[in-house]
Every structure is written in structure tokens, then in C-alpha cells.
Amino acid sequence: MIDEWLPSLWRRIHHLCRFTHPFLEKLPTAQRPAPKYSLQIRKLPPADSVHTHPEVASAQQEGEEGEEGEEGAEGEEGEEGEETSAAGTFSLSRPLRARVQENTRITADDWQQEVRLVVLDTCEKGHKKREKKREKKRKHGGGVVYSPGHVACVLPRNPPHTVDAFLGRCSLDGALLIERITETGASFASYTSPHASDPFSLAHVPLPITVRELVRSYLDINGCPRRHFFQMLSYFATEELHRSRLEDFAATDGQEELQRYCYREHRSVLEVLEDFSSATPPLDYLLDMIRPIQPRRFSISSSCLLHPGHLHITALVVRYTTPFGKEREGLCTSWMAKLDPGKDRVRVWIEPASPTFPLGSVPPTEPLILVGPGTGLAAFRAVVQERHALRTLHGQDTGPTMFFFGCRHESKDFHYGEEWRRYREANTLSHLYVAFSRDQPHKVYVQHLIKQHGAQVFALLQAGARVFVSGSALQMPQAVRSAMVEVLQEHGGMDEEAATDRIRAMEKRALYCTETWL
């Protein structure tokens, strides 16, 4: 491990070269370092309500999810009918607070996996008197503009019961008003200057803000703590056993034990604090010890041509069991699953598609081969909707689109099944092939259907079709690639080496693109 000699290396470089770097001031020492953040905090007079005091208005505006407190955001999108570009207007430091219009489970109620369709209104700004203006704006194509392949960045919030538990454990008054957060640079955990676009700093937090809102909306108290967290927590432990244990976790030779205790079980910041109850860091240290909540990125699963003023997210609610039987949930997807349509809001902004997955740059007249089992279909639903809108609403011709989808049962998890069939009947989809892997004695996956319909696949490849594969990063991507190689061998008269070279050449030219996740 480099930990033991890295500090001496930097100091030696400084001695020989007179080299200076903020890193030299942030190296860990046996003494507790100064806090990274300096806070200006004020307690409101007892007679004032946290929800009505004028000085808390801007803090509450960011946090409130209901009807009240949103009028101040009106007018950010321009005049009636004016479109807001997907890139530039909204960001981490200035997200769109989009109201939830629909939140629907699209898998069967008795199915083990919960996949949801969340529809966000990107025109509606929360002021009932302007409903007519919003409707006119939506009809003129207003709202956030995005293209197939663009990504919706969602900033989730912590559950209320977790926030209450954290405030109680750390003896924090949630009604305190934070007026200023200044980064002093004293910590050794961060070496970069704060910037509003940096999700690992607190520069994007709106001020003033209450302590409760800061914890609820910006501190990842449900995430796994970093090694730095244990080092800093040890400085505040008043029980020797706790201090010794925390120091072991922070030490180089204690990483295997830390892996077993924390990371294998996905133990949260709050759980660690509860385990080491004698250590209670003050808020200025906690802001350095706990990482900010990170935005979650979802491929947008709608076309703004077909759904102007709206944005669709297709999300699998993450639930899993740890090796020791602890039930866990993903912060963002479990929060999204509970959002109340018509009331709750989502902080969201749009980012461009990955350059390695340029789905939106494909001209609508070019042929496409799409392979997207499970929630891998999200971006493909967007591009198919886009082509359907061009055909039916604008009278434009579109190229052939072949779609391979895979799931376990037609009756359980065939996401948007009827919608795909309608697109096939309208000839927006020239080919629709679905693998229901458990609806027959033998398992059938998308790679089997690619080989089964190899003649049609080869014909589209010869016509210049671009291939996009999206979904789980386990066996599926390689199995699909191997199936494509076999198609080229069987129907193109190539040997395995030539077929593999062709797929490799397509990958280099972004004609065969893969986007996967674990």
C-alpha cells in the first residue's frame, strides 16, 4: 500500500524542489485536523415558524415538494412556447423542480421485481393561476428539450425517518439556519477547489438552508462511509474500545476487516454512527466526513416530440439482501417509488448522451438494430417514439427499426408490451422480436432470437444498420456480440476471424455501441 510512504514522498519532493501543493497541508496526522468547512449558523427566534420565516424562504423553496413555495421559480423557461435546451439551462446547482405527473408500476403486482414509469412535467411550475399558460406552452412544444440517448440526472432525498434518526443520533437541531458554508481547505480528504458543478463538494447547496433540509436533501447518510470517515470519527470517540476499533478500520492493514464490517454489508453512515455511539462529531466535521448525495442517471425513455413538456423515466426499484441477510434498498429508486403524483417534485436536469452511445445522432432514415432486455429498453423507447412521431405527426419517412427485447414472462415483466405491438402494427418497428425466457421449458434469450432471425439481421447490417445494445453488463453483451459474429458467419459467408474483425471495425466507427451496467 502507498499510504505508509506517500506523505514522506511529498515532503521529500518539497524539500528537494521547493514544491508546494495544498496536499502537503492535508496529510493525515495523529492529531485531529481542523474542519474542512466553516459554518455560519443562527437559531431563529422561538416565535418564528421554520416554514413561514422570510429568511428561510429560499431554503424551503428548494426542499418543499408540495404546492407551496414554488412560485419563485416561475419564469425561468422564458416566454410562452419557448423551449428550454437540454444542455445548459438546468444543472446540479440549478435543477428543474419537476412535478410528478404519473408514477406507475409496469410489472405485475405479484412479480418479484418492481419496475416503474415516472412521468415528470417539465413545463408545470407549481402555480395554479398559470395553468392555461402552461397548457398553451405545452401545445407549442415548450418545456425541456431532449433527444434520444439523453440522460436525466435525478437528485434524490433521504427518507424522513432516517433524517430524524440522524439528527437525534448527532444531537443536531434541525431548525437551525445555516447562512453560510465556507470551505477552508483544511481537510486531507479533498484536493480540489469547490465548484457549483462538482457533486462531491457542497458548493451547489442553496443558502440559507435549515440543518434538517441540508441532511434530507444533500448528505448521503444512507451511503457507505469512506475510510476517511472512520479516521475522522476516531478523533471524537470517548470510549477506548470504539477509538481503537475505528483506528483499525482507518489503518492500512485494517482494510480487509473494514471490507467485512462495512462494504460487504453496505453498512450506512447512520448505522456506523449508531454502532460507535461514543463518537459524536459536530456538524462542521460531519459535512466533510459524509459525502453529498450523488445524482443518479437514467436514460430518458420518452420522446419530447411525442410527449412535449414531459419526461419519462423507467426505473427498476433496487432491493437486495446482504451476505448476512440484511434487506437493503437503493436510495433513489426506493424514493422515486413513493413519489405522489400531482404533489411531489423531483430535482432533475438533462445531460447529453455518452459519446460512446450516440443514439440521438443517428438520422431517422438510417436503419437501426436495437437490443435491450429488461430496463435496457429505456433509451430505445425514446428513439422509437421519436420515429413514430416523425411518421405519424410530421409525415416523414423513417428507416427500418429492428428491436430485440428480453424478459422472463410475457404476463409479468414485458415492459410496455402493448405499446411495442402498436408500433409494430404502425410499421414504426419493422421487426419486433421478444424473448420470454421462462415461458417455455427451455430458456430463450435475445441472443437466440438474433441467430434465429439471422437473415433479417444480416440484411439490415448490409444496408448500413447501426447496432445498439443496452442492459445488464453480465453475460448478455458478450452473448449478443457472439450471436452477431455467428450471423455474419452463417449469412455472410465469413470465417470467425473475418466476422469478428467486422464487428470490431463497427465498434471503432461507433456503428456497434454498447451501454451496460451492473
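Hi everyone, let me start in the middle of the protein: of the 71 residues in the largest nonpolar core, the ones touching the most other members are Leu120, Phe166, Leu233, Ile290 and Ile313. By nonpolar core I mean a set of buried Ala, Val, Leu, Ile, Met, Phe, Trp, Tyr and Cys residues joined through side-chain atoms within 4.5 Å. Buried is under 20% relative accessible area, exposed is over 50%, and partly exposed lies in between, with a 1.4 Å probe and protein chains only.

Before going on, a word about what we are looking at. This is a predicted model, where local features need pLDDT of at least 70 and side-chain atom pairs count only at pLDDT 80 or more, while totals for chains, interfaces and linings use all residues. Residues are numbered from 1 along each chain as its sequence is written, and side-chain values use heavy atoms, with hydrogens and water left out.

Back to Ile290. Which residues does Ile290 contact, leaving aside its neighbours within four places in sequence? They are Phe166, Leu219, Asp220, Ile221, Arg226, Phe229 and Val269, with contact meaning heavy atoms within 4.5 Å. There is also a second, separate core of 28 residues, including Ala435 and Ile450.

Phe229 brings us to helix α6, residues 227-234, where six of the eight residues are buried. Phe229 and Leu233 are among those buried residues, and the buried set packs against α7, α8, α9 and α10. Helices (H or I, at least four residues) and strands (E, at least two) are DSSP runs, numbered from the N terminus.

Now the sheets. Six strands form an open sheet with antiparallel pairing, in the order β9-β6-β13-β3-β4-β10; strands pair if DSSP finds at least two bridges between them. β9 and β10 stand at the edges with a single partner strand each, so one side of each is left without a neighbour in the sheet. From one strand to the next, the twist averages 40°. The angles use lines fitted to C-alpha atoms, for helices over the stretch in contact, and run from 0 to 180 degrees between N-to-C directions.

Is edge strand β10 mostly covered or mostly open? Mostly covered: six of its seven residues, 310-316, are buried. β10 pairs with β4 (residues 115-121) over seven bridges in the antiparallel sense, and Ile313 in β10 is the bridge partner of Val118. Further in, β3 and β13 pair over four antiparallel bridges, with Arg99 opposite Arg345 as bridge partners.

The other open sheet has five strands with parallel pairing, ordered β16-β15-β14-β17-β18. Here β16 and β18 are the edge strands, each with a single partner, so one side of each is left without a neighbour in the sheet. This twist averages 10° from one strand to the next. β14 and β17 share four parallel bridges, and Val371 stands opposite Val469 in β17. Helix α12, residues 378-392, packs on this sheet, touching β14, β15 and β17, and its direction makes about 145° with that of β14.

Finally, confidence. pLDDT, the predictor's confidence in each residue from 0 to 100, averages 87 over the protein, and 81% of the residues score at least 70. Two stretches to keep an eye on are residues 126-130, where pLDDT is below 50, and residues 187-193, where pLDDT stays under 50. The model still has 22 contacts beyond four places in sequence for 187-193.

Thanks, and I'm happy to take questions!
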